[in-house]
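Here's an informal walk through a few corners of this protein model. Have a look at the picture, then read on.

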Amino acid sequence: MSATINCKEFADYFAVPVQNKMNPAYIFEVEGKPHSVEEYYLNDLGHIHHSKLSPHLLEEPVITKDIYEVAISLIQMFDDLDMKENGNKAWSGAQFVLERSSVLVFLPGLGEINYMHELLTNLVHKRLQVYPLHSSVALEEQNNVFLSPVPGYRKIILSTNIAESSVTVPDVKYVIDFCLTRTLVCDEDTNYQSLRLSWASKTSCNQRKGRAGRVSRGYCYRLVHKDFWDNSIPDHVVPEMLVIHFVYILCWGSGRSVGALAVSGQREDENPHDGELTFLGRVLAQLPVNQQLGKLIVLGHVFGCLDECLIIAAALSLKNFFAMPFRQHLDGYRNKVNFSGSSKSDCIALVEAFKTWKACRQRGELRYPKDELNWGRLNYIQIKRIREVAELYEELKTRISQFNMHVDSRRPVMDQEYIYKQRFILQVVLAGAFYPNYFTFGQPDEEMAVRELAGKDPKTTVVLKHIPPYGFLYYKQLQSLFRQCGQVKSIVFDGAKAFVEFSRNPTERFKTLPAVYMAIKMSQLKVSLELNVHSAEEIEGKVQGMNVSKLRNTRVNVDFQKQTVDPMQVSFNTSDRSQTVTDLLLTIDVTEVVEVGHFWGYRIDEKNSEILKKLTAEINQLTLMPLPTHPHPDLVCLAPFADFGKQRYFRAQVLYVSGNSAEVFFVDYGNRSHVDLHLLMEIPCQFLELPFQALEFKICKMRPSAKSLVCGEHWSDGASQWFASLVSGCTLLVKVFSVVHSVLHVDVYQYSGVQDAINIRDVLIQQGYAELTEESYESKQSHEVLKGLFSKSVENVTDGCAPFPMKDDEKYLIRILLESFSSNKLGTPNCKAVLHGPFNPYELKCHSLTRISKFRYD
């Protein structure tokens with residue numbers, strides 16, 4: 001029994017009437033002889049940090065840096081306390097002979113656990129084994145707290161209130177209690193549940209104190225002042241919602257909307273059936289889940305996605321089976337992103353993960369427990385919990401079968417869009433079941449996003465702040481920091497900011513890259529981004545005889561594809577591909593259709609044809625060398641392509657590597673092919689100077705119609721086939737409207753010279769596949785700039801502007817600094833630069849959190 005239960009309250013509650021009075025239940029007490037546990041407060045710890053422990057009352061629940069330092073000092077003091085208790089026999093030279101007792105630290109949440117863990121990790125030579133204990137930590141990691149520490153080491157357990165009563169570690173001698181907790185509260189207006197930091201009650205803190213003194217004398221250190229404990233810490237936890245209020249909401253307040261009870265609104269004597277269970281109410285009464293999840297199941301039956309709804313209901317009723325290993329949250333998050341696809345939904349991620357696990361079991365791939373555990377570790381899924389979900393899933397299926405509700409595993413034949421349609425229906429059902437908790441996408445402030453990202457593509461770019469002077473010297477460190485997110489294509493250093501752009505697969509449709517989500521998640525997880533740097537004065541002092549200080553405000557672009565570091569002074573963003581546009585009217589061949597209105601091609605005019613012919617001849621006259629390293633995505637190399645029976649090499653970019661082959665994208669033509677790895681060749685540096693000639697196009701002023709929109713974002717298969725038939729196998733004339741992030745927004749015409757030109761957008765609209773829409777802010781801005789430039793007969797157009805001339809001395813100084821840094825002429829960096837971010841204003845601002853469910857994708 002818990003040591004903090006109020007026995008009198010329970011006895012009075014279960015009282016029985018005897019002779020006209022209520023007799024409370026009997027209380028049986030079994031006396032024990034627990035070891036004493038001494039209590040200490042901040043007032044008693046002045047000898048540790050006397051200068052920072054002013055006796056004041058804390059009105060707001062918070063942990064300051066000073067209080068963290070007190071906890072760290074306490075842990076270091078326990079060695080002296082152990083020696084004192086053991087009569088100075090605990091030491092033999094510099095080694096412990098006796099075991100060092102364990103320490104249990106109570107913290108309110110995972111963020112605080114992470115911070116405390118980092119502080120303890122920085123205590124070198126202290127021989128500490130630190131274990132986190134949190135509900136989101138994998139079960140295998142939770143079990144580590146019961147392991148005996150290595151002889152001579154002290155075990156430190158950093159725990160939330162999960163260790164208050166459900167976990168007993170027998171060797172705990174010291175308890176450090178921050179007296180804080182996170183309480184689940186519900187907003188009355190939005191019905192949104194959230195965890196709020198608050199002071200723990202005295203009963204909870206006493207329960208925590210009882211974790212010490214199980215096998216020997218114990219010590220409990222409460223990191224609050226004694227008078228604050230006496231006067232401000234609550235005695236008990238006050239329930240947020242009384243039972244009678246909950247019953248009212250369940251049965252009457254929401255009865256009409258849920259439909260579980262018959263409610264007519266008339267007087268009871270006029271309608272005697274008011275308050276009776278409806279059919280829906282009888283179904284909900286048979287399900288061991290809450291009313292929202294029960295409603296989800298019923299709606300799933302009605303709309304034909306019952307199986308998915310049963311999985312979600314079972315998973316949300318139990319513990320989340322996604323594992324978030326300590327210090328590996330980013331990897332766990334990436335796994336969840338992969339399972340959710342483009343839905344941005346935790347619920348759909350649960351469905352896909354469960355179905356994948358179930359399919360692997362049915363195929364016999366997880367026949368042995370070891371195989372299943374390895375699969376779980378690889379996919380960051382806790383096998384024990386997903387098995388519990390499977391048991392509840394089967395029970396729910398059995399219970400609803402009595403109402404003639406059954407899972408239908410059949411799917412329509414020859415419907416390639418079935419998966420997308422089902423997902424869209426499921427999202428609608430989720431919105432209905434969890435109403436009024438929902439997530440909406442608002443309109444982004446495009447002008448603000450353009451300004452904050454300096455014209456960079458918000459779907460591929462994040463920005464960092466507090467970049468140190470001469471930040472381009474540390475571009476390799478910065479690339480390494482983001483390697484766990486995705487392949488970095490380029491970094492633009494602009495004063496105290498750095499714009500990190502990730503590589504985008506040129507054959508995929510427009511969408512925000514997972515790498516951007518991963519980078520933003522790094523910021524949310526407060527992953528430390530630090531650079532080892534030199535001070536600006538040190539750099540300027542060691543590079544004598546050169547005025548390098550002028551580089552402090554120079555925009556510098558690091559291109560990882562071309563392996564170049566160059567000064568960059570432009571009024572808008574630049575792009576190699578768009579530099580090939582020297583006219584607003586282009587004749588092209590289409591080589592790759594990404595989706596309706598989005599395609600790749602290359603110019604077939606005489607001038608461009610001559611450029612390509614000359615480039616191909618020069619490449620194939622050389623003696624080509626194999627790649628010096630194993631190919632990886634985004635690598636620019638030379639790849640073969642069979643043209644008219646003759647195999648020749650062309651410039652290419654690696655898209656994927658699978659086994660002994662790779663899929664490559666030919667950057668001068670826009671098509672792709674599979675190539676054996678041993679046929680890929682190294683590209684000489686001189687062939688990287690010419691801009692890539694393939695162009696990416698998007699038909700302007702067009703969007704999918706309701707007829708051709710699948711799952712809220714995909715073009716229908718019929719629209720895709722119709723568009724491909726219009727643009728394939730014929731020469732097209734395009735009129736450039738704007739250039740946005742390397743993509744040419746255009747009007748596209750079929751023109752044979754015999755009949756009038758046919759506008760392909762008009763054809764799609766006439767067929768009902770598309771409808772007119774306005775262009776984005778960036779596209780309109782680029783259009784105005786293009787009109788101005790071409791009206792002045794400016795030949796070179798780059799994403800809406802012409803570059804300013806580069807100064808050779810700046811490029812020379814950059815090269816000198818980079819050589820000095822790489823050869824260690826500047827010495828070892830002796831400073832730390834802590835970066836802020838990463839940020840993506842577009843992604844953060846365009847989401848309107850009006851009424852957001854706790855099941856949101858976070």
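Let's begin with serine 823, which is found in the loop between helix H26 (808-822) and strand E34 (831-834). Helices (H or I, at least four residues) and strands (E, at least two) are DSSP runs, numbered from the N terminus. At 39% relative accessibility, serine 823 counts as partly exposed; the scale calls a residue buried under 20% relative accessible area, exposed over 50%, and partly exposed in between, using a 1.4 Å probe and protein chains only.

A word on the ground rules. This is a predicted model, where local features need pLDDT of at least 70 and side-chain atom pairs count only at pLDDT 80 or more, while totals for chains, interfaces and linings use all residues. Residues are numbered from 1 along each chain as its sequence is written, and side-chain values use heavy atoms, with hydrogens and water left out.

Polar contacts come next. Such a contact is a pair of N or O atoms within 3.5 Å; within protein, one must be able to donate a hydrogen and the other to accept it, and residues adjacent in sequence count only if both atoms are side-chain atoms. Here are the ones made by the side chains of serine 823 and lysine 155:

| Side chain | Partner | Distance |
|---|---|---|
| Serine 823 | backbone oxygen of glutamate 819 | 2.7 Å |
| Serine 823 | backbone oxygen of serine 820 | 3.4 Å |
| Lysine 155 | backbone oxygen of leucine 147 | 2.9 Å |
| Lysine 155 | side chain of aspartate 171 | 3.5 Å |

Is lysine 155 buried or exposed? Lysine 155 is buried, with a relative accessible area of 1%, and lies in strand E8 (residues 154-159). Not counting residues up to four places away in sequence, lysine 155 touches several others, including Ser102, Gln129, Tyr131 and Val169; contact here means heavy atoms within 4.5 Å.

Now for the rings. The structure holds 23 aromatic pairs. In one of them, phenylalanine 78 and tyrosine 174 have ring centres 3.8 Å apart and planes at 5 degrees, so the pair is stacked. Rings of Phe, Tyr and Trp (its six-membered ring) pair if their centres lie within 6.5 Å; planes under 30 degrees apart count as stacked, over 60 as edge-to-face and the rest as tilted. Phenylalanine 78 sits in helix H3 (residues 65-85) and tyrosine 174 in strand E9 (residues 172-177), so their pair ties together parts that are 96 residues apart in sequence. Phenylalanine 78 is buried at 0% relative accessible area, and tyrosine 174 is buried at 0% too. Ring pairs also link Tyr40, Phe78, Tyr174, Tyr219 and Tyr221 into a cluster.

Over to strand E15 (residues 488-494), where five of the seven residues are buried. E15 runs antiparallel to strand E16 (residues 497-502), joined by six bridges; two strands pair if DSSP finds at least two bridges between them. Serine 490 has glutamate 501 in E16 as its bridge partner. Two residues lie between the strands of this hairpin, in which glycine 495 takes a positive phi near 65 degrees. E15 also pairs with strand E18 (residues 556-559), again in the antiparallel sense, over four bridges, and phenylalanine 493 stands opposite valine 556 in E18.

Last stop, the cysteines. How many disulfides does the structure hold? The count is zero, with a disulfide being a pair of cysteine sulfur atoms within 2.5 Å. The sulfur of cysteine 179 has its closest cysteine sulfur in cysteine 205, 4.0 Å away, which is too far for a bond.
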